[in-house]
Amino acid sequence: MALWGTIVNVLFIIIGSLIGRLLANIPESMKNTIMKGIGLTVSVLGIQMGIKSSNFLYVIISIVLGAIIGEWLCLEEKLNQFGIWIEKKVGGKSKGNIAQGFVTATLIFVIGAMAVVGALDSGIRGDHQVLYTKSFLRCTDFLD
């Protein structure tokens with residue numbers, strides 16, 4: 001099934017969100033330690049995938065062009081403004097939480113590197129491994 005990686009990813013996002021609602025009182029030191037471990041794991045995965053690339057020049061060019069286009073279009077500022085607009089429409093009690101949550105969720109779930117690469121691998125090659133890894137890592141977002 002071509003969409004299996006996406007289905008698992010969505011389920012784990014929901015599971016992580018539910019766990020986050022239930023486990024709101026995790027000690028800050030434990031959150032930090034786990035997040036550092038996850039960050040290290042993602043870094044190793046990224047390095048491993050970059051080294052595995054037979055055309056590393058494409059990786060460099062893609063990063064540089066993506067940075068130039070993103071800065072030229074002021075994408076970060078526009079994403080923040082859209083989050084603030086959503087917050088005003090929804091009318092959140094604590095200023096900044098809805099906008100910040102929207103921006104964070106968009107960066108993690110929609111336009112993150114693992115989301116893009118995982119979706120491409122899943123759809124083109126039928127390899128769901130990156131999406132499975134992303135799913136498990138995102139299931140721990142309740143720590144943030």
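What follows is a chat about a predicted model of one protein chain.

Visitor: What is the chain built from, helices or strands?
Guide: Helices: the chain has seven of them, and zero strands. Going along the sequence, the pattern reads α-α-α-α-α-α-α.

Visitor: How confident is the predictor?
Guide: The model is predicted, and the pLDDT averages 79 over the chain. A score of at least 70 is reached by 89% of the residues.

Visitor: Which elements have the highest and the lowest mean pLDDT?
Guide: Helix α3, residues 56-72, has the highest mean at 87. The lowest, 75, belongs to helix α5, residues 97-110.

Visitor: And what do I do with low scores in general?
Guide: Where pLDDT is low, don't read the predicted coordinates in detail.

Visitor: OK, new topic. What's on the surface?
Guide: There is a nonpolar patch of about 1200 Å². Its residues include Phe56, Tyr58, Ile68, Trp72 and Leu75.

Visitor: Which helix gives the most to that patch?
Guide: That's α3, with ten residues. Ile68, for one, lies in helix α3 and is part of the patch. This is also the helix with the highest mean pLDDT among the elements of the chain.

Visitor: How much area does the whole chain expose?
Guide: About 10300 Å², and carbon and sulfur atoms supply 69% of that.

Visitor: What share of the residues is buried?
Guide: Of the 144 residues, 24% count as buried.

Visitor: Last one: what about contacts between residues far along the sequence?
Guide: Take the contacts between residues at least 6 apart in sequence: 59% of them join residues at least 24 apart.

Technical notes. Residues numbered from 1 in each chain as written. Predicted model: local features only at pLDDT ≥ 70, side-chain atom pairs only at ≥ 80, totals over all residues. Heavy atoms only, no water. pLDDT = per-residue confidence, 0-100. Helix = DSSP H or I, 4+ residues; strand = E, 2+ residues; numbered from the N terminus. Patch = residues over 30% accessible without salt bridge, like charges linked within 9 Å, V, L, I, M, F, W, Y side chains within 5 Å. Areas by Shrake-Rupley, 256 points an atom, 1.4 Å probe, with all protein chains shown as cover. Salt bridge = Lys/Arg side-chain N within 4 Å of Asp/Glu carboxyl O. Buried < 20%, exposed > 50% of the residue type's maximum accessible area, 1.4 Å probe, protein only. Contact = heavy atoms within 4.5 Å.
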